[in-house]
Amino acid sequence: MGWAIAISRANPAPMGLGHVGWAVQMADGSFLAGATEAFDAGPHWYEGGYIAAGQPNDAWTLGGLKTQADMLAIFANPKLIPAGAGTRYVPASYNWWRGYLVENPNYEAAKSVGDNNRNKGWAFPGNTCLDHVTDVLAAYGVPWQKLGGQPADGMPWKQTHWVPVDWLNNWNVGTRGTL
């Protein structure tokens, strides 16, 4: 078993759409965390911001975080993200999180997808921070909500909840906390 966690910040994001990052608990109990910051998508990314695949999209991953508290500290104070983790700039602090306990996590799949986020570029819509988070969490083993199912079935569909803050607010499962 292991925790899959989505971590959000409401600002700074245009129009309060928010931003989301991810973390997964590995087999040894430590956490692997990351996010795609997309600083170069521009201040008006919601008007069609774009970063070509293979170009720096400021996706970062950081493993070996021994406890959930260590992982949450990284998101609460991004200045702790070491150089070389992937992002060129210090992102703003994250505000809150929601966790989902996965019975049979696929640790290596989640790590592979998370590491590959650096090569995906960024585009709105369809290749954003939320898409990268849901890719990692789905690879880890978090289910999607069933059509017509209850919210506790799994992650909300990003096609119907494409705004990060809305997506996380509609994921009514597991544990929730603030930073």
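Rings of Phe, Tyr and Trp (for Trp, its six-membered ring) are paired here if their centres lie within 6.5 Å; planes under 30 degrees apart are called stacked, over 60 edge-to-face, and the rest tilted. With that in hand, meet a small cluster: Trp60, Phe75 and Tyr94 are linked by ring pairs. We'll come back to the rings after a look at the whole chain.

What you see is a predicted model, where local features need pLDDT of at least 70 and side-chain atom pairs count only at pLDDT 80 or more, while totals for chains, interfaces and linings use all residues. Residues are numbered from 1 along each chain as its sequence is written, and side-chain values use heavy atoms, with hydrogens and water left out.

**The overall layout**

The protein chain has 4 helices and 8 strands. Both kinds of element are DSSP runs numbered from the N terminus: helices are H or I with at least four residues, strands are E with at least two. Walking along from the N terminus, you meet them as β-β-β-β-β-α-β-α-β-α-α-β.

Of the 179 residues in the protein chain, 50% are buried. Buried means under 20% relative accessible area, exposed means over 50%, and partly exposed is in between (1.4 Å probe, protein chains only). Contacts are heavy atoms within 4.5 Å. Among contacts in the protein chain with a separation of 6 or more, 66% come from residues 24 or more positions apart.

**The sheet**

How are the 6 strands of the open sheet ordered? The order is β5-β3-β2-β1-β6-β8, and the pairing is antiparallel. Two strands pair if DSSP finds at least two bridges between them. The edges belong to β5 (59-65) and β8 (175-178), and each has a single partner strand, so one side of each is left without a neighbour in the sheet. On average, neighbouring strands of this sheet are turned by 20° against each other, direction ignored.

Let's zoom in on β6 (residues 96-102), which pairs with β1 (residues 2-9) over 7 antiparallel bridges. Along that pairing, Gly2 sits opposite Val102 in β6, and Trp3 has Leu101 as its bridge partner. With β8, β6 shares 4 bridges, again running antiparallel, and here Trp97 faces Gly177 in β8. Strand β6 is mostly covered, with 6 of its 7 residues buried.

**Helices on the sheet**

Angles here run from 0 to 180 degrees between N-to-C directions, using axes fitted to C-alpha atoms (for helices, over the stretch in contact). Helix α1 (residues 68-76) lies across β1, β2 (19-25), β3 (31-36), β5 and β6, and runs at about 155° to β5. Helix α3 (residues 129-140) packs on the sheet too, touching β1, β2, β3 and β6, with its direction at about 20° to that of β2.

**A hidden serine**

Is Ser8, in strand β1, buried or exposed? Ser8 is buried, with a relative accessible area of 0%. Its side chain reaches the backbone oxygen of His19 at 3.1 Å. That is a polar contact: a pair of N or O atoms within 3.5 Å where, within protein, one must be able to donate a hydrogen and the other to accept it, and residues adjacent in sequence count only if both atoms are side-chain atoms. Leaving aside residues up to four places away in sequence, Ser8 touches His19, Val20, Tyr94, Asn95, Trp96, Val165 and Leu168.

**Back to the rings**

The structure holds 7 aromatic pairs. Here are two of them.

| Pair | Type | Centre to centre | Between planes |
|---|---|---|---|
| Tyr100 and Trp171 | stacked | 6.0 Å | 25° |
| Phe124 and Trp162 | tilted | 5.6 Å | 55° |

Tyr100 belongs to strand β6 and Trp171 to the loop between α4 (164-169) and β8, 71 residues apart. Tyr100 is buried at 16% relative accessible area, and Trp171 is buried at 0%.

For the tilted pair, Phe124 lies in the loop between β7 (122-123) and α3 and Trp162 in the loop between α3 and α4, so the pair ties together parts that are 38 residues apart in sequence. Phe124 is buried at 19%, whereas Trp162 is partly exposed at 46%.

Charges sit over rings as well, meaning that NZ of Lys or CZ of Arg is within 6 Å of the ring centre and within 35 degrees of the ring normal. The charged end of Arg9 is over the ring of Tyr94, 4.7 Å from its centre. Arg176 lies over the face of Trp96, at 3.9 Å from the ring centre.
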